[in-house]
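Have the model open and ready to rotate? Here is a walk through a few spots worth a look, going from one helix to the spaces and sheets around it.

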Amino acid sequence: MLCNQDVRILPLIKLLIALSLSAFVMTNIRAEELTLERIFASPDLSGASLRQARLSPAGDRVSFLQGRADDRTLLDVWEYNLNDDTTRRLVAADQILADEGELSTEEQARRERARIADLRGIVEYRWSDDGRNLLFPLGGNLYYAEIGDVADGESANVLQLTGSESFDTDPKVAPDGRHVAFIRDQNLWLVDIESAEARALTTDGRGTIKNGMAEFIAQEEMGRATGYWWSPDGRMIAFLQIDESPIEPSTRFEVSGDAISMIEQRYPYAGTSNVRYRLGVIEVDNAETILWVNLLDDDGNDDIYIPRVNWLPDSSGIAFQRQSRSQQQMDLILHRLADNSQTLLVRETSDTWINLHDDLRFLSEMPAFIWSSERSGYRHLYLIGLNGELIRPLTEGNWPVDALAGVDEELGRVYFTAFKQSPTEQHLFRQSLATETPSDVVKLSRRAGWHEISMDSGAQYYLD
């Protein structure tokens with residue numbers, strides 16, 4: 001393991017060698033005529049490639065999806081394990097389910113918006129917070145893989161959590177590891193991991209009403225693919241209820257290789273009505289009562305966007321971002337659950353539009369949060385108190401921050417990517433939470449180029 005300042009970079013040498021060898025073998029196969037059929041057949045001409053490479057929350061392995069040599073569209077879950085320096089397949093999709101069957105209409109549309117419509121098998125997965133288990137949907141049901149200490153040559157033990165005729169999507173493990181929440185038939189559901197007993201948390205989702213789901217604009221334009229969020233203590237879920245009735249139905253043509261079908265949908269054309277939102281908080285042990293949060297703007301207007309929702313670390317409140325229909329104003333509002341009081345934490349305005357980001361991070365050790373803003377003309381990070389008062393800028397200069405990568409509160413360090421060196425190079429940097437010189441940052445990535453960063457939950461390791 002190489003030491004890079006205080007954060008250790010993972011040398012995925014064995015993994016890279018395996019992928020490079022695959023590409024080498026491909027380029028040295030007997031020359032053959034390059035036809036259109038061969039271009040799109042398996043194995044892939046470019047060799048094996050990784051998808052959704054992530055550092056586990058525990059920082060002990062790197063997980064990723066990869067297609068088969070004989071079928072590049074069939075994805076399995078793999079890992080590179082730091083403890084034994086081994087790359088292995090954890091879960092083979094067709095060993096869990098030989099035939100996935102037909103996707104639901106909602107799932108087909110969701111995959112199209114995620115740009116994975118041509119893939120099958122395990123197309124997405126999530127880690128549990130302890131980094132010991134993986135959760136993934138397959139064939140409309142949910143599966144829970146107990147990774148633990150899987151030995152070389154062995155597959156993970158996989159539990160099937162749900163089994164119904166409905167299509168279960170967007171599963172998330174509770175922070176306490178007891179439950180998995182998911183979406184079924186436009187409602188928010190819960191399944192107990194130990195007993196596999198499932199129950200509905202909401203029941204009014206039908207027709208134009210959808211609970212816990214991301215609307216079209218959120219998925220396609222705002223980078224939000226979900227509509228619900230676990231509280232850090234695992235006791236509550238905040239969720240958006242969307243009402244699509246203001247949007248007039250329209251028809252689109254679905255063109256496939258051998259047919260053209262007409263599909264009715266509620267598509268929000270420019271200048272027409274959007275969905276209407278409600279933001280609710282529900283207790284998993286008492287789903288009969290829902291706390292509804294006031295979302296109206298200063299003028300009592302509900303024609304707004306809700307692009308992001310976040311919890312406070314102690315689960316005492318939620319913060320939601322409310323964006324005007326013009327996208328020229330963004331309000332970050334803290335709603336405290338104890339007394340239903342609301343505090344305007346940040347108001348961003350622009351003559352053009354507000355760029356969305358995922359840089360909001362509430363701190364556990366102090367009543368403050370990290371936020372990125374383009375108020376100076378460049379995107380930079382700021383430390384702001386829970387009263388909405390600016391404490392200090394964390395970065396500044398004639399260069400933009402790209403994204404917040406991680407926070408180590410114990411050492412008081414913030415990690416982020418930025419274009420400080422050049423607009424064509426993205427690097428990883430470090431800054432102190434207590435900095436008095438925001439222009440002074442430490443560059444951690446070494447090689448020239450574009451660095452995409454994934455960190456563990458404690459910001460002790462990063463995957464580059």
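Which residues are buried in H4? Keep in mind that this is a predicted model. In helix H4, the buried residues are Glu107, Ala109, Arg110, Arg111 and Arg113. They pack against three elements, namely strand S7 (120-121), strand S12 (169-173) and helix H5 (216-221). Just past the end of H4 sits Arg115, with a positive phi of about 65°.

**The cavities**

H4 also turns up in the wall of an internal space. Rolling a probe the size of a water molecule over the atoms shows where empty space is left. Counting cavities of 30 Å³ or more gives two. Here they are side by side.

| Cavity | Volume | Lining by class |
|---|---|---|
| Largest | about 60 Å³ | seven nonpolar, one polar and three charged |
| Second largest | about 40 Å³ | three nonpolar, three polar and five charged |

Start with the second largest cavity, since H4 gives the most to its lining, with three residues. Glu107, Arg110 and Arg111 are among the lining residues, and these three are also buried in H4. Strand S9 (133-138) is another element that supplies at least two residues of this lining. Pro137 and Leu138 are in the lining too, along with Gly139 and Gly140. The rest of the wall comes from Glu124, Phe167, Asp168 and Thr169.

The largest cavity has a different set of neighbours to click through. Its lining includes Glu215, Phe216 and Ile217, and also Glu244 and Ile247. Arg266, Pro268, Asn274, Val275, Tyr277 and Tyr305 line it as well.

**The sheet that holds S9**

Now follow S9 out of the cavity wall. S9 belongs to an open sheet of four strands in the order S8-S9-S10-S11, with antiparallel pairing. At the edges are strand S8 (126-127) and strand S11 (157-160), each of which pairs on one side only.

Going across the sheet, S8 and S9 run antiparallel and are joined by two bridges. If you want a place to look, Trp127 has Leu134 of S9 as its bridge partner. Next, S9 and S10 are joined by six bridges, again antiparallel, and here Phe136 stands opposite Tyr143 in S10. S9 and S10 form a hairpin with two residues between the strands, where Gly139 takes a positive phi near 65°. Gly139 is also one of the residues lining the second largest cavity. The last step goes from S10 to S11, an antiparallel pair with four bridges. Tyr144 stands opposite Leu159 of S11.

Why is strand S10 (residues 141-146) largely enclosed by the rest of the structure? Five of its six residues are buried, so there is little of S10 left uncovered. For reference, buried means under 20% relative accessible area.

**The sheet from S23 to S26**

Further along the chain there is another open sheet of four strands, ordered S23-S24-S25-S26 and paired antiparallel. Strand S23 (304-311) and strand S26 (342-349) stand at the edges with a single partner strand each, so one side of each has no neighbour in the sheet. From one strand to the next, the twist averages 20°.

S23 pairs with strand S24 (residues 317-324) over six bridges, in the antiparallel sense. To find the pairing on screen, look for Arg308, which stands opposite Gln321 in S24.

**Two loops with a positive phi**

Finally, two loop residues deserve a glance at their backbone angles. Asn340 is in the loop between strand S25 (329-336) and S26. Its phi is positive, about 60°, although Asn340 is not a glycine. Is Asn340 buried or exposed, or something in between? Its relative accessibility is 42%, so Asn340 counts as partly exposed.

Asp185 sits in the loop between strand S13 (179-184) and strand S14 (187-192). Asp185 has a positive phi too, near 50°, and is a residue other than glycine. With 48% relative accessibility, Asp185 counts as partly exposed.

How values were computed:
Residues numbered from 1 in each chain as written. Predicted model: local features only at pLDDT ≥ 70, side-chain atom pairs only at ≥ 80, totals over all residues. Heavy atoms only, no water. Pairing = 2+ DSSP bridges. Axes fitted to C-alpha atoms, helices over the stretch in contact; angles between N-to-C directions. 1 Å grid on protein atoms, 1.4 Å probe; cavity = no way out; pocket = protein on both sides within 12 Å on 5 of 7 lines; lining within 4 Å. Points joined across faces, edges and corners; volume = space filled by probe spheres on them. Nonpolar A, V, L, I, M, F, W, Y, C, P; charged D, E, K, R; others polar. Buried < 20%, exposed > 50% of the residue type's maximum accessible area, 1.4 Å probe, protein only. Contact = heavy atoms within 4.5 Å.
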